[in-house]
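This report considers two topics: the cysteines of the chain and the setting of one helix. The sequence and structure are shown first.

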Amino acid sequence: MTELAWIDAAFKAARPQALGALLRYFRTLDLAEEAFQEACLRALKSWPKNGPPGDPAAWLIFVGRNAGVDQIRKRSKLEALPDEDQISDKEDAEADMAERLDGAHYRDDILRLLFICCHPDLPATQQIALALRIVSGLSVKQIARAFLVSEAAMEQRITRAKGRVAAAGVPFEAPGPAERAERLGLVASMVYLVFNEGYSTANPDNSNAALCDEAIRLTRLLIKLFPGEPELMGLLALMLLQHSRLKARFDARNAIVLLEKQDRALWDRVLITEALALIDKAMRHREPGMYQVQAAIAALHARAARPEDTDWAEIELLYRMLEKLQPSPVVTLNRAVAVSKARGAEAALAIVEPLAEELSGYFYFHGVRGGLLKELGRAAEARESFDRAIALANSPAEAAHIRDHLDSLADISAGKAKVVVDG
Amino acid sequence: MLYAILCYNEEDVIQAWSKEEDDATMERLFAVTNRLTSESKLGPVARLLPTTAATTLRKNGKEKFVLDGPFAETKEQFLGFYVVDVETLNDAIAISHELADANPGTGSYEIRPLAVYVPDGRTK
């Protein structure tokens, strides 16, 4: 790696802390961002010459503060300036800087920064866009590409999000324990949204997996800030397990490969090892939460060397637990899939049918129902379900997958296939 | 003489590497370890998973606690180690230089002589 690449990695690592501290100082996102960018520019001039500083984040915060104050002076605004005695004009007073940084604020700075991005006034897409821009420092171009919109449209979306945040006001007081827990939950779900944006749109031909990497990096950061939160461990484990299958999720034609058909040799064992350690660690706390349960389900798949080794009975139990923690027809549908593997299609169909009204517009409902009916040899009804699924498919890959089912149905009608019960 | 070369670096920075940067670094390190292996100087090599995946058993008098992670307040984290079999400390330092060259950015390498060494049959 070149020196420049290393400096870039240092900027990226320091960004949440530095930007968080500058935000606390200047109290507006735009000024904090400008100050951080200015500090990075000065670092690019100084670091190659003088070597990297002992604490890059401290360096960037300090230089950023000075740069921001200069900016304010230049604009000669009549607003009150920050306290002079907190600012040093000496850019080389580096040892001093680290000491003067208020370590106690570190956690709250970063949390506030993330919290701003998941402001409840913002729609989810704007939350993600803002987080990727502000916390991760992705360029508008990169974010626009991930969301498949034009750069101008994304620029507008981010500007609008910033405007809303500014209008709503940012809470700068240190949050109490209850509020912190609540914020942390919001932040965790926002990070998971970032991950899902990457996960659902990633394929071997694009770089959207970078969004997954970014979400994973942010969650590792959160765990460092809040080391005893089992739900954060669960969230990280869940993302690592899903991400470990990246190479196996698509075939040569970029079509989706279902879990049971994936080549498990392509799963990333390093990510799986880390995830299994995390989920075991989380369980020791005995505070189950939805991320932990979902991670535990994904872990059972990861532990099975072959699809037929999967512990479907345990997965069914975990889905029951998830239904209690987070009741939703989609979770029930997932439990039905586990039931079909553990106890057969008949039992599963009994769980699926009552969901018909709530999930009538849901691709997977019709896909699963069609699959169960097919297993039971009720070909005509299965065909009806598959047809509805195709009409609701979100991508050509999903439609192609259902079409494969329809093709095999043709075999059933011809009396060639028999009912198959897995595992 | 057996030495352990303990590698420390800033985990945050390592984690900010892109996949390509990480792969390139590992490739440079493999070049060093492959040569050491061919010279029969290399023992076990380990790259540790992130500290967030770690658990610590801490003994406090008679009481023992299991804690999440090391989460040391130090800036640099213990990220991996090499065991090398060489004649002198200078040889071990020379190898550390090579490892440092293969790694980008900053970092430090603690060179510690080994007192007990139990080779793992599985690695043979």
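## Cysteines and helix H15

In this predicted model, A:Cys212 has a relative accessibility of 1% and therefore counts as buried. A:Cys117 is likewise a buried residue, at 0% relative accessible area.

Over all chains, a search of the whole structure returns zero disulfides. The table gives, for two cysteines, the nearest cysteine sulfur. A disulfide requires two cysteine sulfur atoms within 2.5 Å, and neither A:Cys117 nor A:Cys212 is in one.

| Cysteine | Nearest cysteine sulfur | Distance |
|---|---|---|
| A:Cys117 | A:Cys118 | 7.3 Å |
| A:Cys212 | A:Cys117 | 18 Å |

The second topic is helix H15 of chain A, which runs over residues 329–343. With 15 residues at 1.5 Å a residue, this helix should span 21 Å, and the 20 Å between its end C-alpha atoms agrees with that expectation.

Both ends of the helix can be described. At the N-terminal end, A:Ser328 acts as a cap of H15(A), with a side-chain oxygen placed 3.1 Å from the backbone nitrogen of A:Val330. After H15(A) comes A:Gly344, which has a positive phi, near 100 degrees.

Which residues of H15(A) are buried? They are A:Val331, A:Thr332, A:Leu333, A:Arg335, A:Ala336, A:Ala338, A:Val339, A:Ser340 and A:Lys341. The cover over these buried residues includes three helices of chain A: H14 (312–325), H16 (345–352) and H17 (363–375). As background, an α-helix has 3.6 residues a turn, so residues three or four places apart point the same way.

Note on methods: Residues numbered from 1 in each chain as written. Chains lettered and ligands numbered in written order. Predicted model: local features only at pLDDT ≥ 70, side-chain atom pairs only at ≥ 80, totals over all residues. Heavy atoms only, no water. Buried < 20%, exposed > 50% of the residue type's maximum accessible area, 1.4 Å probe, protein only. Helix = DSSP H or I, 4+ residues; strand = E, 2+ residues; numbered from the N terminus. Expected span 1.5 Å × (residues − 1). Contact = heavy atoms within 4.5 Å. Polar contact = N/O pair within 3.5 Å; in protein donor to acceptor, adjacent residues only side chain to side chain.
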